[in-house]
Amino acid sequence: MADQLWRSRPADLYGRRRHDRLFNTLWAAMTVFGGIAAISRWRPSQVVPVPRTITAVVAKREMLTGDVVALTLVDPDGGLLPSWTPGGHIDVQLPSGRRRQYSLCGVPGRRTEYRIAVRRIEDGGGGSIEMHEAYAEGDTLVFEGPRNAFYLGTGEGEALFVIGGIGVTPMLPMIREAAARGIDWRAVYAGRSRTDMPLLDEVLAVDPERVTVWADDEHGRFAGTDELLAGAGPHTAVYVCGPSPMLEAVRVTRDQHAEAPLHYERFSPPPVIDGEPFELELARSRRVLAIPADRSALDVMLDADPTTPSSCRQGFCGTCRVTVISGGVDRRGRTAEGDDEMLVCVSRATGGRIVIDA
Ligand code: FES
């Protein structure tokens, strides 16, 4: 039972389960009654290896807009899925071998079902198209997680949620959570048109007085940072999720005069900064890939083999980690890279050629 409880707790970005006073009390009671063997199995100060690959069933498939599909996932046996927190995501393992992250956008904490929503991107890496086409109601879907790298802060008095299109998916549960906690929140939701904004009705349903909707087709232009950050004082925590240009504009503007934190989540890889071209040799196949200055090694590897392991594409999940056989690495990951390792989604060669065990 303790093992089930432990597994069901929300995991952070690295899959670690946190423990609180209630859990510690329960754990202590169980170790007293369970003996020494139980202590060694369930010691909560350790990072517990958790079998986190989960098979769910698609209970519902619905089109939220012309190009956004929502999938509702349930346990095949009618049980509870692992607990999660607003801002959390799952890593879906697609039938092709691709892995993609999708934020949970259902009712916060609900464990009888998860809901994810996916915008179809015709010129993307193919993952969103597969998500749209591979799953019908009744199909199984395999995922890992949930994990969370985009928490709603605990000390927020005021919060502004800046939403761009499909960036609504982590934000909707955060807004619901903010409302439940009594945070003085507001949201700005921007998109091409109201009919293109997924989950708009559910955002408005939380409190329409607190939501500003910006539809580009009504104004004849994109929202600027003045509109996106309207009313955000120096003590307003800002959360933003949307396309990279919006995110960068908010980030740059906000950084100039704020004391409260800015939290953001990208749906696409960050642009390559100060990149130099290099060669990547795949030792097993002896293929040599030319990596241009403005693309990541992973992007080029995916062109060559769409099943190349990857997930966040931002240097924090570790999925794309490879072993380096020779060559210097400019390590840019947000998670540790060993001396002979490289996260190919962000890290680059210091020059010339890198040979990897792939
Ligand atoms: S894909 Fe996540 S660290 Fe590279």
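The secondary structure of the protein chain adds up to 9 helices and 18 strands. This is a predicted model, and the protein chain has an average pLDDT of 83, with 84% of the residues scoring at least 70. One stretch needs a word of caution: over residues 1–51 the pLDDT is below 50. That stretch still has 64 contacts in the model beyond near neighbours in sequence.

Now for the chain as a whole. Out of 358 residues, 49% count as buried. The accessible surface of the protein chain comes to about 16900 Å², and carbon and sulfur atoms hold 51% of that. Among contacts with a separation of 6 or more, 62% link residues that sit 24 or more positions apart.

On the inside, the largest nonpolar core has 30 residues, and Phe161, Met171, Trp185 and Tyr239 are the ones with the most contacts inside it. At least two residues of this core come from each of β2 (68–74), β7 (158–164), α4 (168–181), β8 (184–191), α5 (200–206), β9 (211–215) and β10 (237–242). Helix α4 gives the most, with 6 residues. Seen by domain, the core draws at least three residues from each of domain 2 (53–148) and domain 3 (158–266).

Phe161 gives a close-up of this packing. Leaving aside residues up to four places away in sequence, Phe161 touches Leu152, Met171, Met174, Ile175, Ala178, Trp185, Arg186, Ala187, Val188 and Tyr239. A second, separate core has 22 residues, including Phe278, Leu298, Val322 and Val329.

Leu298 also turns up in helix α9, where it is one of the buried residues along with Ala297, Asp299, Val300, Met301 and Leu302. Helix α9 covers residues 297–304, and 6 of its 8 residues are buried, so the helix is largely enclosed by the rest of the structure. What do the buried residues of α9 pack against? Their partners are β12, β13 (287–291) and β18 (353–356).

Strand β12 (278–282) also helps to place Asp274, which lies in the loop between β11 (262–266) and β12. Is Asp274 buried or exposed? Its relative accessible area is 67%, and because exposed means over 50%, Asp274 counts as exposed. Asp274 and Asp294 are 20 residues apart in sequence, while their C-alpha atoms are 8.4 Å apart in space.

Key: Residues numbered from 1 in each chain as written. Predicted model: local features only at pLDDT ≥ 70, side-chain atom pairs only at ≥ 80, totals over all residues. Heavy atoms only, no water. Core = buried A, V, L, I, M, F, W, Y, C linked by side-chain atoms within 4.5 Å. Buried < 20%, exposed > 50% of the residue type's maximum accessible area, 1.4 Å probe, protein only. Helix = DSSP H or I, 4+ residues; strand = E, 2+ residues; numbered from the N terminus. Domains from an automatic or database assignment. Contact = heavy atoms within 4.5 Å. pLDDT = per-residue confidence, 0-100. Areas by Shrake-Rupley, 256 points an atom, 1.4 Å probe, with all protein chains shown as cover.
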